[in-house]
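User: Could you take me through one part of this structure slowly? I am new to this and would like a close look at how two helices meet, and then at what surrounds the sheet.

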Amino acid sequence: MLAMLKCYKPSLPLCSSPSIFPPKASIYTQTHKILTKNLQKSTAKIHCSSSLSDVESKSRTGLCCNGGERDGENGKSRELWLFNSMSKQKELFRSKVEGKVGMYVCGVTTYDFSHIGHARVYVSVDVLFRYLRVLGYEVNYVRNFTDVEDKIISRANQLGEDPIGLSRRFCKEFHQDMEDLHCLPPSVEPRVSDHIPQIIDIILDNGCAYRTDADVYFAVDKFPLYGRLSGRKIGDNRAGERVAIDTRKKNTADFALWKSAKEGEPFWESPWGPGRPGWHIECSAMSAAYLGYSFDIHGGGMDLIFPHHENEIAQNCVACDKSDISYWIHNGFVTIDSEKMSKSLGNFFTIRQVIGLYHPLALRHFLLSTHYRSPINYSDAQIESASERIFYIYQVS
Ligand SMILES: [Zn+2]
């Protein structure tokens with residue numbers, strides 16, 4: 001019971017009678033039933049319109065029906081429409097292989113506790129993962145860990161820790177956060193450090209790569225479709241977005257595929273000398289390793305559309321001309337008191353901080369209270385309201 005009490009903000013008047021709290025497993029089951037009920041209510045209101053704008057205006061959850069296949073018992077639609085960031089419109093979901101779905105979602109860079117922006121990505125994806133399974137699909141859900149990256153190396157050096165060891169520690173903390181938020185584990189969670197040979201192979205297959213000393217870059221102007229996802233032209237690109245500025249690059253928009261080893265950094269042997277992979281190439285290599293170059297869904301936060309996913313597409317298409325990812329999905333940002341969440345503004349909350357004060361399902365409920373593609377504003381009032389709703393659900397169910 002003490003564990004349950006800890007999950008609620010002590011100042012909430014409704015917490016004064018802890019004995020009414022059901023066990024955690026029961027809470028989750030009941031809440032899930034109610035959230036599922038709400039989802040069904042939401043889709044039932046849509047009247048299976050063929051008009052995308054009508055469907056869009058009425059869908060709150062982002063999952064909606066088209067009036068196609070019917071569940072014989074209750075007549076509800078069994079189909080799914082997804083907003084595809086590539087086509088910029090909602091599309092009826094059709095998997096490449098009947099009954100199976102391949103889904104890759106960019107994972108966290110493990111150098112610190114994950115924040116509530118991360119929670120939004122993985123809670124949204126968890127709803128999709130569960131819903132695809134409800135629809136009868138066998139889902140191969142791949143979510144990576146970035147365990148080799150500048151921020152990890154910098155934090156490890158500050159703490160005098162081994163970068164891979166530091167990363168493993170925060171992978172465990174992330175797993176704990178996901179468990180607390182009742183996110184189902186993915187089918188596989190590859191780590192960059194375990195896939196260096198696959199990363200080297202995809203760089204070797206890359207006809208747009210060029211070398212400057214021991215670094216390897218991707219020449220974006222050699223890939224005519226660059227900018228297809230983000231709508232940005234090569235001239236619009238900003239150098240340095242998670243990619244170190246390097247005056248040796250032919251074009252400021254070119255990005256690193258392989259970085260030569262520097263003093264105190266982890267490194268692996270490669271045809272270009274000792275070094276480590278760039279950020280973008282890891283997801284191309286790991287998605288290809290587990291799902292091939294053509295699969296159904298690739299997702300992440302909206303901030304990954306450019307440059308990360310744009311670069312992934314370029315790498316994939318150059319490595320395999322049959323590369324084809326059917327649906328690109330992206331969730332909106334979390335703002336704090338209507339301002340962008342940022343460490344420098346001091347308005348930054350980790351999942352661990354929030355669930356130290358509120359039940360994890362209050363955070364989950366808050367994150368799912370807004371359409372996944374819209375921005376969501378985190379404030380004391382909003383999380384307290386979510387907390388009270390969760391408490392109310394337990395009381396009436
Ligand atoms: Zn990624």
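Analyst:
**A crossing of two helices**

Helix α11 passes helix α12 in a right-handed crossing. Please keep in mind that this is a predicted model. Helix α11 covers residues 360–367 and helix α12 covers residues 380–396; the two pack with their axes 8 Å apart, at an angle of about 115 degrees. Angles from 65 to 115 degrees count as roughly perpendicular, so that is the word for how α11 lies relative to α12.

Which residues of α11 and α12 meet? On the α11 side you will find Leu-361, Ala-362, His-365 and Phe-366. Their partners in α12 are Gln-382, Ile-383, Ala-386, Ser-387, Arg-389 and Ile-390. Sorted by character, the residues of this contact are six nonpolar, three polar and one charged.

**Another pair to compare**

Now let us turn to helix α7 (residues 196–204) and helix α8. Their axes come within 9 Å and cross at roughly 105 degrees. The two helices are therefore roughly perpendicular to each other. From α7, the contact uses Gln-198, Ile-199, Ile-202 and Ile-203. From α8, it uses Ile-281, Glu-282, Ser-284, Ala-285, Ala-288 and Ala-289. In this contact of α7 with α8, seven residues are nonpolar, two are polar and one is charged.

**The sheet**

Helix α8 also leads us to the sheet. Here four strands form an open sheet, in the order β4-β3-β9-β10, with parallel pairing. At the edges are β4 (138–143) and β10 (324–331), each of which pairs on one side only. From one strand to the next, the twist averages 20 degrees.

For a closer look, take β3, which spans residues 100–105: β3 and β4 pair in the parallel sense over six bridges. Within these strands, Lys-100 stands opposite Glu-138 of β4. Helix α8 (residues 279–291) packs on the sheet, where it touches β3, β4 and β9 (294–301). The direction of α8 makes about 155 degrees with that of β4.

**How far to trust the picture**

Across the protein chain, pLDDT averages 82, and 77% of the residues score at least 70. Residues 1–70 are another matter: pLDDT stays under 50 there, and the model has 88 contacts beyond four places in sequence for that stretch. Where pLDDT is low, the predicted coordinates should not be read in detail.

Terms used: Residues numbered from 1 in each chain as written. Predicted model: local features only at pLDDT ≥ 70, side-chain atom pairs only at ≥ 80, totals over all residues. Axes fitted to C-alpha atoms, helices over the stretch in contact; angles between N-to-C directions. Parallel < 35°, antiparallel > 145°, perpendicular 65-115°, else oblique. Left-handed = near helix turned anticlockwise from the far one by under 90°. Contact = placed C-beta atoms within 7 Å. Nonpolar A, V, L, I, M, F, W, Y, C, P; charged D, E, K, R; others polar. Pairing = 2+ DSSP bridges. pLDDT = per-residue confidence, 0-100.
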